Amino acid sequence: MDVRVNAAISADGKLSSRRREQIAISGERDFDRVDGLRAESDAVMVGVGTILADNPSLTIDESERQEQRRQNGQPENPARVVADSHVRTPPDAAVLDDSAETYLLVSDAAPSDFVAQMEEQGATVIATGENRADLASAFQELDSHGVEQLFVEGGGEVIYSLFEDELVDRLSVFVGSLVIGGRDAPTLADGDGFIEDFPQLELDTVTQVDDGVVLEYDVLN
Ligand SMILES: NC(=O)C1=CN([C@@H]2O[C@H](COP(=O)(O)OP(=O)(O)OC[C@H]3O[C@@H](n4cnc5c(N)ncnc54)[C@H](O)[C@@H]3O)[C@@H](O)[C@H]2O)C=CC1
Ligand SMILES: Nc1nc(O)c(N)c(N[C@@H]2O[C@H](COP(=O)(O)O)[C@@H](O)[C@H]2O)n1
């Protein structure tokens with residue numbers, strides 16, 4: 001499976017403010033670039049922190065891109081994947097609507113009534129790992145469901161875990177021209193943080209988009 005991570009950060013590296021509300025760091029052209037990346041993917045993934053903060057639909061905005069996918073024999077939207085070890089996805093979350101397939105990655109400790117409720121909503125639940133979803137094993141299962149290109153949009157906890165598990169192939173970052181600040185504001189990669197063996201990146205391209213810049217990296221695993 002090929003895993004691409006994309007996020008928008010402020011010039012000081014924040015994904016959002018300490019209130020963890022959705023902030024439009026990207027401008028119109030960058031949101032359109034992200035829509036294009038969704039359209040190239042088999043599935044779009046976020047952590048449940050992003051579901052609770054932003055309630056995204058993770059579907060494609062541009063109808064021409066959906067039409068192109070239909071012509072290619074693909075579903076009009078990529079599947080949605082939510083990392084949700086501790087079963088916090090609300091039953092009315094937008095990702096559970098019927099506009100695309102949805103996978104929830106939970107741990108083996110997920111209560112069966114939660115699993116049943118999510119399956120009733122049409123989601124496919126993949127349980128791996130003792131107390132936290134084991135992303136490497138879950139990705140193998142996603143692969144068996146035909147997910148070859150996975151596009152990860154955040155947030156900072158999930159992105160850190162993916163780097164920790166050496167699962168990221170490519171990283172793109174839109175750096176917007178604003179400062180958010182705050183020691184409790186989420187950053188691109190949160191979690192415990194690395195103290196050695198820092199994941200190394202190779203800078204591929206730098207492109208100005210809107211009043212910010214997109215940095216594209218290959219990840220040297
Ligand atoms: N600017 C941007 O591009 C984006 C910003 N955001 C912002 O990021 C914030 C949400 O980010 P976070 O709080 O970091 O939440 P997150 O979206 O990374 O979700 C974290 C949660 O995922 C679950 N999870 C399940 N398996 C996991 C695993 N193996 N490793 C790590 N987590 C796992 C855990 O319950 C954990 O609490 C919000 O403020 C949102 O607005 C989110 C996406 C994109
Ligand atoms: N690329 C990007 N730029 C920003 O400025 C953002 N705030 C985000 N946030 C993420 O965008 C997704 C929105 O999903 P919907 O289009 O509403 O379905 C979601 O993943 C946000 O967290 N991204």
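Two strands pair if DSSP finds at least two bridges between them. Keep that in mind as you open this predicted model and select Met-45, which stands opposite Val-81 in S3. These residues belong to a pairing of S2 with S3 that runs in the parallel sense over five bridges.

**The sheet**

Now widen the selection to every strand, and you will find nine of them forming an open sheet in the order S5-S4-S3-S2-S6-S1-S7-S9-S8, with mixed pairing. The edge strands are S5 (124–127) and S8, each of which pairs on one side only. As you step from one strand to the next, the twist averages 20°.

Which way do S8 (residues 200–209) and S9 pair? Select both and follow their directions: the pairing is antiparallel and extends over nine bridges, and within it Thr-207 stands opposite Val-214 in S9. Between the strands of this hairpin there are two residues, and Asp-210 takes a positive phi near 50° there. Next add S7 (residues 170–175), which pairs with S9 (residues 212–220) in the antiparallel sense as well, over six bridges, and look for Val-175, whose bridge partner in S9 is Val-213.

**Helix H6 and the core**

Move on to helix H6 (residues 156–164), and ask how many of its nine residues are buried. The helix is mostly covered, with seven of the nine buried, among them Gly-156, Tyr-160 and Phe-163. If you show what surrounds these buried residues, you will see that they pack against S1, S2, S3, helix H5 (135–144) and S6.

Colour the largest nonpolar core next; it has 47 residues, of which Val-81, Val-82, Leu-105 and Ile-159 touch the most other members. H6 provides the largest share of this core, namely five residues. Centre the view on Ile-159 and, leaving aside its neighbours within four places in sequence, you will find it in contact with Val-5, Ala-7, Val-152, Gly-154, Leu-188 and Ala-189.

For a contrast, select helix H3 (residues 63–71): the number of buried residues among its nine is zero, so this helix lies largely in the open.

**The two ligands**

Select ligand 1 and the 30 residues that surround it, of which the closest are Gly-47, Gly-49, Gly-154, Gly-155 and Ser-161. Which elements supply at least two residues each to this shell? They are strand S1 (2–9), strand S2 (43–47), H2, S6 and H6, and H2 gives the most, with five residues. Colouring the shell by class shows 12 nonpolar, 11 polar and seven charged residues.

Then turn to ligand 2, which is surrounded by 15 residues, the closest being Ala-8, Ile-25, Ser-26, Pro-56 and Glu-153. Helix H2 (48–54) and strand S6 (149–154) are the elements that give two or more residues to the shell around ligand 2. By class, this second shell divides into eight nonpolar, five polar and two charged residues.

**Unusual backbone angles**

The last stops concern the backbone. Most residues other than glycine have a negative phi, and most peptide bonds are trans. Against that background, zoom in on the peptide bond from Gly-154 to Gly-155, which is cis, with omega near -5°. Gly-155 lies in the loop between S6 and H6, and you have already met both glycines among the closest residues to ligand 1.

Arg-20 is worth selecting next, as its phi is positive, about 55°, although it is not a glycine. You will find Arg-20 in the loop between S1 and helix H1 (28–39). Is Arg-20 buried or partly exposed? A residue counts as buried if 20 or more other C-beta atoms lie within 10 Å of its own, and as exposed if 12 or fewer do; Arg-20 has 17 within that distance, so it is partly exposed.

Val-87 also has a positive phi, near 45°, and its place is in the loop between strand S3 (79–83) and strand S4 (102–106). With 18 other C-beta atoms within 10 Å, Val-87 is partly exposed.

Finish by looking just past the ends of two helices you have visited. H6 is followed by Glu-166, where phi is positive, near 55°, while H3 is followed by Gly-73, where phi is positive, near 80°.

Key
Residues numbered from 1 in each chain as written. Chains lettered and ligands numbered in written order. Predicted model: local features only at pLDDT ≥ 70, side-chain atom pairs only at ≥ 80, totals over all residues. Near = placed C-beta within 6 Å. Helix = DSSP H or I, 4+ residues; strand = E, 2+ residues; numbered from the N terminus. Nonpolar A, V, L, I, M, F, W, Y, C, P; charged D, E, K, R; others polar. Core = buried A, V, L, I, M, F, W, Y, C linked by C-beta atoms within 7 Å. Contact = placed C-beta atoms within 7 Å. Axes fitted to C-alpha atoms, helices over the stretch in contact; angles between N-to-C directions.
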